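Student: Could you take me through this model, starting with the overall fold and then the details?

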Amino acid sequence: MAKIIRAQRARKPSVRSAPKKPAKKPVARPPARATKRSLKAPKPWTPAEVRDAFERFRKANPEPKGELEHLNPYTLLVAVVLSAQATDAGVNKATRALFAVADTPQKMLALGEEKLRDYIRTIGLYRTKAKNVIALSEKLISEFGGQVPRTRAEIESLPGAGRKTANVVLNMAYGEHTLAVDTHVFRVANRTGLAPGKTPLEVELGLEKVIPAEFMLHAHHWLILHGRYTCLARKPRCEVCLINDLCRWPEKTV
């Protein structure tokens, strides 16, 4: 019996590990197709189209005005400095009473920073802005004879004043052909394709290249008003837009 069992065991095939299969070479696959179509840059406006657009703006509003209330170049400068990250309406509400008592650098210094803060308390960042207004008033008296200078570099040297402030003052106070790019102008220039740019300076220089000289005095006011009341940030009013047929925005609703 023991012999039979041994014989059966002997006949049992030994269990060996299966030979490993050679690793398959990765199959080259074609590159995945892009899920989004590449966005093409809008076709640039022709000179005739740019002229047409600004002729329409001029016909609709021959003498556009800035909405910041002021009495002279100094109060305009102060109003623009106060308007940073604030609405024109909010600034006007505060400055009506302020400019009634302080419409010159000398009167502003006499008023003092503490009392100035009380006048502009409703404006965002009012503490910093009050400090800047007092500092720029001191500099105007000590370096510019109490007058607002007439060059961009000199205005930009004043506390709280940047390129946009300088452009507004030069345009509105002194009739220079400067173009202030705020959020409204930046949006309109990019959305319509009139002067696309990644920065306000790029947009400013682009607009200066394409807008004919005869429209430059009022150009930034037309664009600001268009952005503020028609080409709105969230829901543009394309149906009433004066230039909807010229606009390059692919999502326009007309």
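Tutor: The fold comes first, followed by the pocket, the salt bridges and a few single residues. The model is predicted; local features need pLDDT of at least 70 and side-chain atom pairs count only at pLDDT 80 or more, while totals for chains, interfaces and linings use all residues. Residues are numbered from 1 along each chain as its sequence is written, and side-chain values use heavy atoms, with hydrogens and water left out.

Student: How many helices and strands are there?

Tutor: The protein has twelve helices and zero strands (DSSP runs numbered from the N terminus, with H or I over at least four residues for a helix and E over at least two for a strand). Along the sequence the pattern reads α-α-α-α-α-α-α-α-α-α-α-α.

Student: And what share of the residues is buried?

Tutor: Of the 254 residues, 40% are buried, where buried means under 20% relative accessible area, exposed over 50% and partly exposed in between, with a 1.4 Å probe and protein chains only. The accessible surface comes to about 16100 Å², and 56% of that surface belongs to carbon and sulfur atoms; the areas come from the Shrake-Rupley method with a 1.4 Å probe, only the protein chains shown counting as cover for residues.

Student: What about contacts between residues far apart in sequence?

Tutor: Among contacts with a separation of 6 or more, 59% join residues 24 or more positions apart. A contact here is a pair of heavy atoms within 4.5 Å.

Student: Let us turn to the pocket. What is the volume of the largest one?

Tutor: The largest pocket has a volume of about 500 Å³. Of the 27 residues that line this pocket, Ser 83, Asp 88, Lys 164, Asp 182 and Arg 228 are the closest to its centre. On a 1 Å grid over the protein atoms alone, a pocket is an open set of points where a 1.4 Å probe fits, with protein on both sides within 12 Å along at least five of seven lines, and lining residues have an atom within 4 Å of a point. The volume is the space filled by probe spheres set on points joined across faces, edges and corners.

Student: Which helix gives the most to that lining?

Tutor: H12 gives the most, with five residues. Helices H3 (73–82), H4 (88–101), H9 (163–174), H10 (183–192) and H12 (216–229) each supply at least two lining residues.

Student: How does the lining divide by residue type?

Tutor: The lining of the largest pocket divides into 13 nonpolar, eight polar and six charged residues. Nonpolar covers Ala, Val, Leu, Ile, Met, Phe, Trp, Tyr, Cys and Pro, charged covers Asp, Glu, Lys and Arg, and the others, Gly among them, are polar.

Student: Asp 88 and Arg 228 came up together. What do their side chains form?

Tutor: The side chains of Arg 228 and Asp 88 meet in a salt bridge at 3.3 Å, N to O. This pair links distant parts of the chain, Arg 228 in helix H12 and Asp 88 in helix H4, 140 residues apart. Arg 228 is partly exposed at 21% relative accessible area, whereas Asp 88 is buried at 15%.

Student: How many salt bridges does the structure hold?

Tutor: The structure holds 14 salt bridges, each a side-chain nitrogen of Lys or Arg within 4 Å of a carboxyl oxygen of Asp or Glu. One of them joins Asp 245 to Arg 56, with the closest N and O atoms 2.7 Å apart. Asp 245 lies in the segment after H12 and Arg 56 in helix H2 (residues 47–60), so the pair ties together parts 189 residues apart in sequence. Both ends are partly exposed, Asp 245 at 49% and Arg 56 at 22%.

Student: Which residues are linked in a network?

Tutor: Arg 51, Glu 55, Arg 58 and Glu 214 are linked in a network of salt bridges. Within this network, the closest N and O atoms of Arg 58 and Glu 214 are 3.2 Å apart. Arg 58 is in helix H2 and Glu 214 in the loop between helix H11 (200–210) and H12, 156 residues apart. Arg 58 is partly exposed at 29%, and Glu 214 is partly exposed at 47%.

Student: New topic: what is the phi of Gln 85?

Tutor: Gln 85 has a positive phi of about 55° although it is not a glycine. Gln 85 sits in the loop between H3 and H4 and is exposed at 74%. Leu 125, also not a glycine, has a positive phi of about 60°, and its place is the loop between helix H6 (113–119) and helix H7 (126–144).

Student: Last one: is Thr 165 buried or exposed?

Tutor: Thr 165, in helix H9, is buried at 7% relative accessibility. Leaving aside neighbours within four places in sequence, Thr 165 is in contact with Leu 77, Val 80, Val 81 and Gly 160.
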